[in-house]
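Please work through the exercises below with the sequence and the structure side by side, trying each task before reading its solution.

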Amino acid sequence: MNRDHADKGWECVKDTSAHTGHFYGIICYEATVIAALTAEPGYTIDTDIYGESLAPGYYPMRITSITLTSGACLALNAQ
């Protein structure tokens, strides 16, 4: 069985720069607004979340890039 696990590390995202990698989700630890996401090949992103304030919590998504407008999150490494 092939599963992703948080033991592969994470990247702290708390600025407005683009952060790249292979991520399988984010954990927002404060109200967070996403400016842009790039989906991994074969996946799509619901862009309706852009500009919305996400409450603290876990948001599963397969992404290779995340840019925030405000807030902070941990991007969970898939590789």
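**Exercise 1. Decide whether Ala36 is buried, partly exposed or exposed, and find what surrounds this residue.**

Step 1. The relative accessibility of Ala36 is 30%, and therefore Ala36 counts as partly exposed, where buried means under 20% relative accessible area, exposed means over 50%, and partly exposed lies in between, with a 1.4 Å probe and protein chains only. The model is a predicted one, in which local features need pLDDT of at least 70 and side-chain atom pairs count only at pLDDT 80 or more, while totals for chains, interfaces and linings use all residues. Residues are numbered from 1 along each chain as its sequence is written, and side-chain values use heavy atoms, with hydrogens and water left out.

Step 2. Ala36 lies in strand β3; helices (H or I, at least four residues) and strands (E, at least two) are DSSP runs, numbered from the N terminus.

Step 3. Apart from neighbours within four places in sequence, Ala36 is in contact with Tyr50, Ser65, Ile66 and Thr67, contact meaning heavy atoms within 4.5 Å. The C-alpha atoms of Ala36 and Leu68 are separated by 6.9 Å, although these residues stand 32 apart along the chain.

**Exercise 2. Place Thr67 in its strand and describe the surroundings of this residue.**

Step 1. Thr67 belongs to strand β5, which covers residues 57–70.

Step 2. With a relative accessible area of 16%, Thr67 is buried.

Step 3. Not counting residues up to four places away in sequence, Thr67 touches Thr16, Ser17, Ala18, Ile34, Ala35 and Ala36.

**Exercise 3. Work out which strands pair with β5, and then give the order of the sheet.**

Step 1. Two strands pair if DSSP finds at least two bridges between them. Seven bridges link β2 and β5 in the antiparallel sense, and Thr20 stands opposite Ser65 in β5.

Step 2. Six bridges link β3 and β5, again in the antiparallel sense, and here Thr38 is the residue opposite Ser65 in β5.

Step 3. Strand β2 (residues 19–28) is also joined to strand β6 (residues 73–77), by five bridges and with the two strands running antiparallel; Phe23 stands opposite Asn77 in β6.

Step 4. The outcome is an open sheet of six strands with antiparallel pairing, in the order β1-β6-β2-β5-β3-β4. Because β1 (10–13) and β4 (53–54) stand at the edges with a single partner strand each, one side of each is left without a neighbour in the sheet.

**Exercise 4. Locate Tyr29 and list the residues that Tyr29 touches.**

Step 1. Tyr29 lies in the loop between β2 and β3 (32–39), and a relative accessibility of 41% makes Tyr29 partly exposed.

Step 2. Leaving out residues up to four places away in sequence, Tyr29 touches Cys12, Lys14, Pro56, Ala72, Cys73 and Leu74.

Step 3. Gly57 is 28 residues away from Tyr29 along the chain, and their C-alpha atoms are separated by 6.6 Å.

**Exercise 5. Describe the protein as a whole, beginning with how many helices and strands the protein has.**

Step 1. The protein has zero helices and six strands. The radius of gyration, taken over C-alpha atoms, is 12 Å, close to the 12 Å that the globule rule (2.2 Å times the number of residues to the power 0.38) gives for 79 residues, so the protein is as compact as a globular protein of that length.

Step 2. The C-alpha trace spans about 35 × 25 × 20 Å along its principal axes, and buried residues make up 35% of the 79 residues.

Step 3. Among contacts with a separation of 6 or more, 76% are accounted for by residues 24 or more positions apart.
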